[in-house]
Each structure stands twice: as structure tokens, then as C-alpha cells.
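Dear colleague,

I am passing on the structure we spoke about, followed by my notes on what turned up in it. Please read the notes with the model open.

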Amino acid sequence: NISASGNLIVGGKIEIDGDGGVPGDATIEVSGDRLRLTDKSSVDVIIDSDDSAGAGDFRVRAHSGESTRFIVSSSGKVGIGTTSPSTMLHISESTGGESEVLRIETDLDSTVQGPQLYIEGNKIGNSNTLATHIELKRNDDYRAAGIKFTEANDTGEWFAGASYADKGFTIGYDATNNYAERHESSSLMINRSGKVGIGTTSPS
């Protein structure tokens, strides 16, 4: 045991032995601006309270203001941009600007299939009245909610979803990459009355 009052400065690395072996089971070292924690196989980080299985959060904080950037709660929920994750993965962006919150991409040859998002529901096979789905919730001023399809070398875009200003469900195209979600760009429109318009935004 080492007991120190004040600062303890160690040059090099610290080896921690748990079973009497040499070298130690885990190593803590600093090289330049990098802190490295290693062990013989994989690193298990256990957070408890007074050496008991108490609740504890794992947090990664920014130096400035020590604000939490990443958290794993005691119940196993992961939060990015929030300290109170309500689901298994909770990502929150609150800077006020319109920006990407999640990006999935690959850097592979074009002959290889691109990135995929796979969601499997009801794995245990029991009957479930709720469908496996993706929910897009828009705010109260009727901003559009849907899926956009774009190309890297083309400014045009397709949109499929609930249109801007609550005009119904639309599939639309815009060549300037700005307004495909607006009803005036619609190629196919279904209004709330169930009427379908092709080539018109006001089916009667």
C-alpha cells in the first residue's frame, strides 16, 4: 500500500499486480498527451461504491467546465450529449443549430455494399401489436419529417414523408437540394382525407 499526502508524481509507468505475476496484470502509463490503460488480455473498468456492487455512472468529461460528453449509467444506458439517457442509446444535440446528430458511413470500394442499418424486433417470437418501426417526430410548427435521398455529385434530392406545413404525405424532388420536402415539389401527394394527387398538390 502507498499512502501519500499531497502530490504523487511518478515518472514512467505504473504496473499493478493482482495475482503475484510479473509483469503486473495492468499497466497505467502516460506518453506525450496520451493516457493508456492496458492489461494482459482486455481491460475491465468496474465502478462501484466502497468495494460493493453499488450504483455508479461511467462518465467522460471535457476539461473545460468538466461538462459530461459521454455517460454509461448504472443501468447500462448510454448517453451522448445528455447526462440522463432514457433509452439504451440516447443522443441529444442542443447547440441550437441545424446539424447532423448521427452519421453512418463506410470508405469502401464501390463494388462492396454500402453501410446498412439493421433493426430486428420481436426476436423471442411472441405476438406483438406494436410494429418494429422508425419514428420521426416533428415539432409543433409542422416542419417536415421523412427521409431524404441525395447523391454526392448532384445537388438534387428526393424526399418521402410528411411534408412541410402539414400538407400530407408526399414524395417529391427538388433540383437545388433545398425544398424537396415542401408540398409544391410533390410528385405524389396523399392528404389527410386519403385523396391521392399525382402531378397536383391539391387532390380533390
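Subject of the notes: strands and side-chain contacts

Ile171 has Leu188 as its bridge partner in S11. The model is a predicted one, and everything below should be read with that in mind.

**Strands S9, S10 and S11**

S10 pairs on both sides. With strand S11 (residues 186–190), S10 runs antiparallel, and 4 bridges join the two. S9 and S10 are also antiparallel, joined by 6 bridges. In that second pairing, Phe159 stands opposite Gly172 of S10. The hairpin of S9 and S10 has 6 residues between the strands, and Ala165 there takes a positive phi near 65°.

How do the side chains along S10 divide between the two faces? Thr170, Gly172 and Asp174 point to one face and are buried. Phe169, Ile171 and Tyr173 point to the other face and are not buried. In a regular strand, side chains alternate between the two faces of the sheet. Two of the S10 residues have already come up in the pairings: Ile171 is the residue bridged to Leu188 in S11, and Gly172 is the residue opposite Phe159.

**The aromatic pair**

The structure holds 1 aromatic pair. The ring centres of Trp158 and Tyr173 are 5.2 Å apart and the planes meet at 50°, so the pair counts as tilted. The pair links distant parts of the chain, with Trp158 in strand S9 (residues 154–162) and Tyr173 in strand S10 (residues 169–174), 15 residues apart. Trp158 has a relative accessible area of 40% and is therefore partly exposed. Tyr173, at a relative accessible area of 34%, is partly exposed too. For Tyr173 this goes with its place on the S10 face whose listed side chains are not buried.

There is also a contact between a charge and a ring. The charged end of Arg182 sits over the ring of Tyr164, at 4.3 Å from the ring centre.

**Salt bridges**

How many salt bridges are there? The count comes to 4.

- Lys148 and Glu157 form a salt bridge, with the closest N and O atoms 3.3 Å apart. Lys148 is partly exposed, at 40% relative accessibility, whereas Glu157 counts as buried, at 2%.
- Lys148 and Glu157 also belong to a network of salt bridges that takes in Glu181.
- Asp57 and Arg59 meet through their side chains in a salt bridge of 3.5 Å, N to O. Asp57 is partly exposed at 33% relative accessibility, and Arg59 is partly exposed at 33%.
- Glu15 and Lys13 form a salt bridge in which the closest N and O atoms are 4.0 Å apart. Glu15 is partly exposed at 41% relative accessibility, and Lys13 is partly exposed with a relative accessible area of 46%.

Why does Glu157 count as buried while Lys148 does not? Buried means under 20% relative accessible area. Glu157 has 2% relative accessibility, so this residue falls under that limit. Lys148 has 40%, so this residue is partly exposed.

**Strands S1, S2 and S3**

At the other set of strands, S2 has a partner on each of two pairings. Strand S1 (residues 13–16) and strand S2 (residues 26–31) pair in the antiparallel sense over 4 bridges, and Ile14 stands opposite Ile28 of S2. S2 also pairs with strand S3 (residues 34–39), again antiparallel, over 6 bridges. Here Thr27 stands opposite Thr38 of S3. In the hairpin of S2 and S3, 2 residues lie between the strands, and Gly32 takes a positive phi near 65°.

**Loops**

Which residue takes a positive phi although it is not a glycine, with a value of about 50°? That residue is Glu66. Glu66 lies in the loop between strand S4 (58–61) and strand S5 (68–72). At 52% relative accessibility, Glu66 counts as exposed.

Ser193 is in the loop between S11 and strand S12 (196–198). Ser193 is exposed, at 61% relative accessibility. From Ser193 to Ser204 there are 11 residues in sequence and 9.6 Å in space, C-alpha to C-alpha.

Regards

Methods:
Residues numbered from 1 in each chain as written. Predicted model: local features only at pLDDT ≥ 70, side-chain atom pairs only at ≥ 80, totals over all residues. Heavy atoms only, no water. Phe/Tyr/Trp six-rings, centres within 6.5 Å; stacked < 30°, edge-to-face > 60°. Buried < 20%, exposed > 50% of the residue type's maximum accessible area, 1.4 Å probe, protein only. Lys NZ or Arg CZ within 6 Å of the ring centre and 35° of its normal. Pairing = 2+ DSSP bridges.
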